[in-house]
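Work through the exercises below with the model open. Each task is followed by a stepwise solution.

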Amino acid sequence: MKAINESRVLFPSLSANESFARAAVSAFALQCDPTLTELNDLRTAVSEAVTNCIVHAYRDCIGDILLYMRLFENGRMVIKVRDHGCGIADVEKAREPLMTTGGEERAGLGFSVMESFTDKMRVISHVGRGTTVILEKYIHGKNGNAQ
C-alpha cells in the first residue's frame, strides 16, 4: 500500500530534541484529526524511541536521529526512529522490562512503553551500525473511524 503522505526529519541526538520529535509527530498526525488519547500515545512512544537513541545509541557522543513518518489511507501511521549508534547485541533481552544499559537512574521500560502505546512495534538492530524502531498506530480520529 502506498503512503498518502510522508515526512522525514533529521536532527542531532541532543536531549532538547526529544521534545522536538514529539512536536513533529504531533504536527504530522494532526492531518488525521486524532483524539487526544491517540495523539498522546504517539507522542509518548516517539519520545521513548528518541530517548533511547540519545541515552543508549550515542552514549558518549552526538549523532544523527532520523524520524520518518508515513500515513496510509486506512489511518495507519508508521513511524521509524533510526540511529547509527552502537546497536543492540541482543534485541530480545533489551526488550525485557527493567533491562537497561543506562545505569541506575534508568527504569528499563522504554520498549515496553513503546509497545503499549502503539498497535505494533518492531526493533531492528546491528551492533556497530545502529537501530531502527518501527512504530505502527491506527488513527481512528474523533469520528471513530480510521481516516
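**Exercise 1. Classify Phe-11 and Phe-20 by burial, then describe their ring pair.**

Step 1. Phe-11 has 4% relative accessibility, so Phe-11 counts as buried. Buried means under 20% relative accessible area, exposed over 50%, partly exposed in between (1.4 Å probe, protein chains only).

Step 2. Phe-20 reaches 39% and is therefore partly exposed.

Step 3. Before going on, note the ground rules. This is a predicted model, where local features need pLDDT of at least 70, side-chain atom pairs count only at pLDDT 80 or more, and totals for chains, interfaces and linings use all residues. Residues are numbered from 1 along each chain as its sequence is written, and side-chain values use heavy atoms, with hydrogens and water left out.

Step 4. The structure holds one aromatic pair. The ring centres of Phe-11 and Phe-20 are 5.7 Å apart and the planes stand at 80 degrees, so the pair is edge-to-face. Rings of Phe, Tyr and Trp (its six-membered ring) pair if their centres lie within 6.5 Å; planes under 30 degrees apart count as stacked, over 60 as edge-to-face and the rest as tilted.

Step 5. Asn-17 touches Phe-11 and Pro-12, leaving out residues up to four places away in sequence. Contact means heavy atoms within 4.5 Å. Asn-17 is itself buried, at 16% relative accessible area.

**Exercise 2. Write down the chain pattern and the strand order of the sheet.**

Step 1. Count the elements: the protein chain has four helices and five strands. Helices (H or I, at least four residues) and strands (E, at least two) are DSSP runs, numbered from the N terminus.

Step 2. Along the sequence the pattern reads β-α-α-β-β-α-α-β-β.

Step 3. The five strands form an open sheet in the order β1-β2-β3-β5-β4, with antiparallel pairing. Two strands pair if DSSP finds at least two bridges between them.

Step 4. Find the edges. β1 and β4 each have a single partner strand, so one side of each is left without a neighbour in the sheet.

Step 5. Check the bridges of β3. Seven bridges join β2 to β3, and β3 pairs with β5 over seven bridges. Leu-67 stands opposite Val-81, Met-69 stands opposite Ile-79, and Met-77 has Lys-137 in β5 as its bridge partner.

Step 6. Inspect the hairpin of β2 and β3. Four residues lie between the strands, and Gly-75 takes a positive phi near 85 degrees.

**Exercise 3. Which residues touch the most other members of the largest nonpolar core, and which element gives the most to this core?**

Step 1. Apply the definition: a nonpolar core is a set of buried Ala, Val, Leu, Ile, Met, Phe, Trp, Tyr and Cys residues joined through side-chain atoms within 4.5 Å.

Step 2. The largest such core has 32 residues; Leu-67, Met-77 and Ile-79 touch the most other members.

Step 3. α2 gives the most to this core, with nine residues.

Step 4. List the contacts of Ile-79, leaving aside neighbours within four places in sequence. They are Val-25, Leu-42, Val-46, Leu-67, Tyr-68, Met-69, Val-133, Ile-134 and Leu-135.

Step 5. Look at the strand as a whole. β3 is mostly covered, with six of its eight residues buried.

Step 6. Put this beside the chain total. Buried residues make up 46% of the 147 residues in the protein chain.
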